[in-house]
Amino acid sequence: MEPVRSHADQETSPKITTEPPKKQKKMKKRRSWVPGLLLLVPILLFLFGFFVVPMLYILYLSFISTENLSGADAVYSLQNYITLFTDSYYLNSLWITVKISIYSVIVALLLGYPIALTMAKSSARVRAIITLLIASPLLVSIVVRNFGWYLLLLPNGTINSFLLNIGIINKPLNLLFSELGVVIGLSNAYLPFMVLAIVTSLYNIDPSLEKASAILGASPMRSFFSITLPLSLPGIISGSVLVFSLSMSAYVTPALMGGANVPVMPVVVYDQINNLLHWTFGSALSYVLLATTLLSVFIFTRVFEKSKFKEVFR
Amino acid sequence: MNTMVSDVEIKGATKQFGGNIVLDGIDLEVRQGELLTLLGPSGCGKSTTLNLIAGFLEADQGDVFIKGKKVTKVPPYKRDLGMVFQTYSLFPHMTVYENLNFGLKLRKIPKAEQKKKIDRVLALVKLSGLEHRYPRELSGGQRQRVAIARALVVEPELLLLDEPLSNLDAKLRHELRLEIKRLQKEIGVTTIFVTHDQEEALSLSDRVVVMNAGKIEQISTPTSIYKHPNTEFVFQFIGKSNSFEGVVADIGQQKVSVQAGEEMIAVDVANIIGEDKNLAIGDEVKLYIRPENIHISSTKETSTSLELHPAKITQMNYLGTSWEIDVSIIGKSVQVLTNAYDSSWQYGSEVFVGWSPSDLMLIKKQVQR
């Protein structure tokens, strides 16, 4: 029925599209759903016990406004949320988190798209090598990687000494313990997710579309902006959503690269709960962070799915 | 030698892919306004030839001229061509209207004129009213019509069709084939059509180019391709054929006699094909004849003008408009296509088959080196 490769694949959701889930779907259709559901029981139990229950418990905690968490004398109110939204420190923290996440998405996108494009156009062998290179940073612990960046970004680190020596700058740049440092760290760490999401989208574009565009008179540049870029939007969006969500909840990189200068929400939450033992307030902060992430992602994907490129997402 | 204007000219084009010779010195002229088909089995170089004309490939040697201009190194987007692909290749994120307008916008056609041109070409392919549909919402046949319309709306110098019908079912393929023929005659655009389907090639074309192994075997009108094939390959590739092997027994002014088994078969001298036409007595040759050129009858008297040979029926298939009958003659199975069916025939019936010396083709067997 559908001989066109691009069509069949574009109809999958804009969330990250990889091969295995599709195959599972097909298999499920063929068999009865009962054994399939049985196979899901262990993971459902696991998720319920170790994800749903704690999340609900944290939500419950966030409405307690007294320090004593247990039993009868607990007072339930919105006090935690009111404090949070009236104290400029926490609002600023939320804003920094969102801002840094957006920057990280933009940097990852600008760096990742050309890589994805190269991968999509190269032979299977070259593609495998690039995939390996792209994914290899994921094999190194995030803490180790952060200390690697330290060496590069410190005021007397490699980059600053180099720039000072060739005379481009006359005093060291604030690369570390700044928003810039966090963005460098996050975009680097999450680049693989962006690249792999975009490349999946690019593979699904029928190569003859580019030929059709060229024969109609479009230069390679024009073909890219009119055909390739819009058709890779599902990948751009799933990659952006991934990088954004991961950046919003990142703890290690902002803590190490930004320190006290860049108090992102996860760092603040950790502080509240582990250092100040404000469990209830920390819980409220986590829920505000979660809600902000979900809302941003929802608005972001909605905007594209309602745009003039809506057909791409079908 | 040729008084007609040629729109495309390929001179001595060769192309290799990783040591494989795909095109082996092709010379081709396409005349103004004609529909020319490149026909051949897969890997014969027909698509490569089309891609040379489109500019997606560059010949290793040789040149391509379009309307007298040398375009060998001109990129596709500067060639002003229209092309239809096997996979439709409609832009999925654009409506039918936007797909058609893509080329017009690039040519900076004024807005009012864009709409006029699009309306006209949509009427031509009978898709008026579907402007605002997306390709996803169209059937396969409709998609290919849009693709044809998109190629035509820019009024290209040439229309290139790369197996445009092979993704469609048989009925649609036939319908669209007729439509392409009609459109081409109506608009008069010089058209090059690539196909591996001989029926398509024969029914559509003004001229057919039969290609094999990177070479052109024959360029001719459909009728003469079928009736007067130049080479053994063309005879075998186009239509069905029966073959006998034999030895030249006698060479006369008009006819050559070939001893095939116990039968003596006469062939017109004019029907000797292939590279080597010099025959000597004792040469090993092959004889070819089409199933519809074999006459079959129950008795020897009915058609005395033909040489008749005894045969035995081994298989009978009713095809609706005719019968396909396999007979055994000279120890070989030969297929006959006929309307003259005798209801008394059955498996094993003794019959007579015959043919006219002008319907046989003779080719000298290549000496093994």
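Two strands are taken to pair if DSSP finds at least two bridges between them. The views below show a predicted model.

**Figure 1. Strands E1(B) and E2(B) form a hairpin.** Strand E1 (residues 6–17) of chain B pairs with E2(B) in the antiparallel sense, over nine bridges. Two residues lie between the strands of this hairpin, and Gly18(B) in the turn has a positive phi of about 50°. Within the ladder, Ser6(B) stands opposite Arg31(B) of E2(B).

**Figure 2. Strands E2, E1, E4 and E5 of chain B, in that order, make up an open sheet.** The pairing in this four-stranded sheet is antiparallel. Its edges are formed by strand E2 (20–31) and strand E5 (69–70) of chain B, each of which pairs on one side only. E1(B) is joined to E4(B) by five bridges in the antiparallel sense, and the bridge partner of Ile10(B) in E4(B) is Val64(B). Strand E4 (residues 61–66) of chain B also pairs with E5(B), in the antiparallel sense and over two bridges. There, Ile66(B) stands opposite Lys69(B) of E5(B).

**Figure 3. Strand E17 of chain B pairs with E18(B) and with E20(B).** The ladder between E17(B) and strand E18 (residues 323–329) of chain B is antiparallel and has six bridges. Met316(B) has Ile325(B) of E18(B) as its bridge partner. The two strands form a hairpin with four residues between them, and Gly320(B) in the turn has a positive phi of about 95°. Strand E17 (residues 307–318) of chain B also runs antiparallel to strand E20 (residues 350–355) of chain B, to which six bridges join it. In that pairing Lys312(B) stands opposite Glu350(B) of E20(B).

**Figure 4. Ala213(B) occupies a loop between two strands of chain B.** The loop lies between strand E9 (207–212) and strand E10 (215–220). Ala213(B) has 15 other C-beta atoms within 10 Å; it is therefore partly exposed, as this count falls between the limit of 12 or fewer for an exposed residue and that of 20 or more for a buried one. Gly40(B) is 173 residues from Ala213(B) in sequence, yet the C-alpha atoms of the two residues are 8.9 Å apart in space.

**Figure 5. Leu285(A), Leu160(B) and Leu287(B) touch the most other members of the largest nonpolar core.** This core contains 160 residues. Its largest share, 14 residues, comes from helix H9 (residues 179–203) of chain A. With residues up to four places away in sequence not counted, Leu287(B) touches ten residues of chain B by name: Ser243(B), Phe244(B), Gly246(B), Val258(B), Ala260(B), Ile265(B), Val267(B), Leu360(B), Met361(B) and Leu362(B).

**Figure 6. Chain A and chain B meet in a contact that takes residues from each.** Chain A gives 23 residues to the contact and chain B gives 21 residues. On the side of chain A that touches chain B, helix H1 (5–10), helix H10 (207–215) and helix H11 (220–231) of chain A each supply at least two residues. The largest share of that side, six residues, comes from H10(A). By class, the side of chain A that touches chain B comprises 13 nonpolar, six polar and four charged residues.

**Figure 7. Transmembrane regions annotated in chain A.** An unreviewed UniProt entry gives the annotation "transmembrane region" to residues 33–60, 94–116, 128–144, 180–203, 223–244 and 276–300 of chain A. Residues 94–116 of chain A are 100% helix and 0% strand, with end C-alpha atoms 31 Å apart. Residues 128–144 of chain A are 65% helix and 0% strand, and their end C-alpha atoms lie 26 Å apart. Chain A has 15 helices and zero strands in all. Buried residues make up 35% of its 314 residues. Of the contacts in chain A between residues at least 6 apart in sequence, 72% join residues at least 24 apart.

**Figure 8. The domain annotated in chain B.** The feature "domain: ABC transporter" is placed by UniProt (unreviewed entry) at residues 8–238 of chain B. Over this span the chain is 37% helix and 26% strand, and the end C-alpha atoms are 25 Å apart. Chain B contains eight helices and 21 strands, and its C-alpha trace spans about 75 × 50 × 40 Å along the principal axes. Of the 369 residues in chain B, 40% are buried. Among contacts in chain B with a separation of 6 or more, 66% are between residues 24 or more positions apart.

Conventions
Residues are numbered from 1 along each chain as its sequence is written. Chains are lettered from A and ligands numbered from 1 in the order in which they are written. This is a predicted model: local features need pLDDT of at least 70, side-chain atom pairs count only at pLDDT 80 or more; totals for chains, interfaces and linings use all residues. A nonpolar core is a set of buried Ala, Val, Leu, Ile, Met, Phe, Trp, Tyr and Cys residues joined through C-beta atoms within 7 Å. Two residues are in contact if their C-beta atoms, placed from the backbone, lie within 7 Å. UniProt positions are given in the numbering used here, feature names are shortened, and annotations may be inferred rather than shown by experiment. Ala, Val, Leu, Ile, Met, Phe, Trp, Tyr, Cys and Pro count as nonpolar, Asp, Glu, Lys and Arg as charged, and the others, Gly among them, as polar.
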